Amino acid sequence: RPDNKNNLDSKYKIYVNNFFRSLFSKIIKNDCKVGFHGSLDSNSNEKKFINEINVLNEILNSIGESKIDSARQHYLYHNLDYFNNANKYGIINDSSIGYEINGFWSQCCYKYPIFDIRKRKQLKVYQSPLILMDVNLDLKNIDSKKNLDEIFLFKSQTKHYGGNLSFLFHNNYLRTNREKKNYEYLIKILK
């Protein structure tokens, strides 16, 4: 994220670091996707959005991969400008609609198209609404009754309606062996 002045964004420079080329290659070899996670400023600043997504696309191109088509906005901060930029620059899957409390904030558990109410037009961007997020769980007591009740409630409701349970787990909670075991436990019970 070049030139970020916002203290909520990371300060590393992805475009000068070979670590990311190697990491992205590993991610892709494991049948996973690399997505765009723009800075807060890219949310409503088209020039910043273009710059950040181009840097990421250049890295992917250098390892023989296609352009980014998936995104989630930093801090789940989004607005219509963001979605129009995502639409304009090839993002077709987004998961920025969630909240600081787990639940069905889009009132559904299905992918749906974003609609630009100002232009009265459906965009090509589809939203996969977040239902569960790590920071809304007690990660120190991952198997607590409160956590499990909440997880199983959303899992069963999603299954009942034949939807997709979108779960956001931040990689900064994978530093210790205990955190990694907690993550593996969550994946196991969510299957």
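Me: Which residues of α3 are buried?
Reply: In this predicted model, helix α3 covers residues 80-88. Seven of its nine residues are buried, so the helix is largely enclosed by the rest of the structure. The buried residues of α3 are Leu-80, Tyr-82, Phe-83, Asn-84, Asn-85, Ala-86 and Asn-87.

Me: What covers the buried residues of α3?
Reply: The helix packs on the sheet and touches β1, β2, β3 and β4. A helix also takes part in the cover, namely α2. The elements that cover the buried residues of α3 thus include α2, β1, β2, β3 and β4.

Me: What angle does the direction of α3 make with that of β4?
Reply: The contact between helix and sheet involves β1, β2, β3 and β4. Relative to β4, the direction of α3 makes an angle of about 85 degrees.

Me: In what order do the four strands of the open sheet stand?
Reply: The sheet has mixed pairing. At its edges stand β1 and β3, each with a single partner strand, so one side of each is left without a neighbour in the sheet. The order is β1-β2-β4-β3.

Me: How many bridges join β3 to β4, and do the strands run parallel or antiparallel?
Reply: Strands of a sheet pair through backbone hydrogen bonds, either parallel or antiparallel. Within this pair, Tyr-112 stands opposite Gln-127 in β4, and Pro-113 stands opposite Tyr-126 in β4. The strands β3 and β4 run antiparallel, and the number of bridges that join them is four.

Me: Which residue in the turn of the hairpin formed by β3 and β4 has a positive phi?
Reply: The hairpin has four residues between its two strands. The residue in question is not a glycine, although its phi is positive, at about 55 degrees. At 65% relative accessibility it counts as exposed, and it is Arg-120.

Me: Which residue just after α3 takes a positive phi?
Reply: The helix α3 spans residues 80-88. Just after α3, a positive phi of about 90 degrees is taken by Gly-90.

Me: At the start of α3, which residue has a side-chain oxygen that reaches to the backbone nitrogen of Asp-81?
Reply: Asp-81 itself belongs to helix α3. Its backbone nitrogen is approached to within 3.0 Å by a side-chain oxygen, and the residue that supplies this oxygen is Asn-79.

Me: With which residue does the side chain of Asp-81 meet in a salt bridge?
Reply: Side chains of opposite charge can pair when their charged atoms come close. Here the distance from N to O is 3.3 Å, and the pair links distant parts of the chain, 37 residues apart. Asp-81 is partly exposed, with a relative accessible area of 33%, whereas its partner is exposed at 54%. That partner, in the loop between β3 and β4, is Arg-118.

Me: How many residues apart in sequence are the parts that Lys-33 and Asp-69 tie together?
Reply: The side chains of Lys-33 and Asp-69 meet in a salt bridge of 2.5 Å, N to O. Lys-33 lies in the loop between α1 and α2 and Asp-69 in the loop between α2 and β1, so the pair ties together parts that are separated in sequence by 36 residues.

Me: In which helix do Asp-149 and Lys-145 both lie?
Reply: The side chains of these two residues meet in a salt bridge at 2.8 Å, N to O. Asp-149 counts as partly exposed at 41% relative accessibility, and Lys-145 counts as exposed at 61%. The two are four residues apart, about one turn of the helix, and both lie in α4.

Me: Is Gln-73 buried or exposed?
Reply: Gln-73 lies in the loop between β1 and α3. Among the residues that it touches are His-37, Leu-40, Tyr-82 and Asp-94, and a polar contact of 3.5 Å joins its side chain to that of Ser-42. With a relative accessible area of 0%, Gln-73 is buried.

Me: Is Asp-31 buried or exposed?
Reply: Asp-31 is found in the loop between α1 and α2. Its phi is positive, at about 60 degrees, although it is not a glycine. With a relative accessible area of 76%, Asp-31 is exposed.

How values were computed:
Residues are numbered from 1 along each chain as its sequence is written. This is a predicted model: local features need pLDDT of at least 70, side-chain atom pairs count only at pLDDT 80 or more; totals for chains, interfaces and linings use all residues. Side-chain values use heavy atoms; hydrogens and water are left out. A salt bridge is a side-chain nitrogen of Lys or Arg within 4 Å of a carboxyl oxygen of Asp or Glu. Buried means under 20% relative accessible area, exposed over 50%, partly exposed in between (1.4 Å probe, protein chains only). Two strands pair if DSSP finds at least two bridges between them. Contact means heavy atoms within 4.5 Å. A polar contact is a pair of N or O atoms within 3.5 Å; within protein, one must be able to donate a hydrogen and the other to accept it, and residues adjacent in sequence count only if both atoms are side-chain atoms. Axes are lines fitted to C-alpha atoms, for helices over the stretch in contact, and angles run from 0 to 180 degrees between N-to-C directions. Lists of a residue's contacts leave out its neighbours within four places in sequence.
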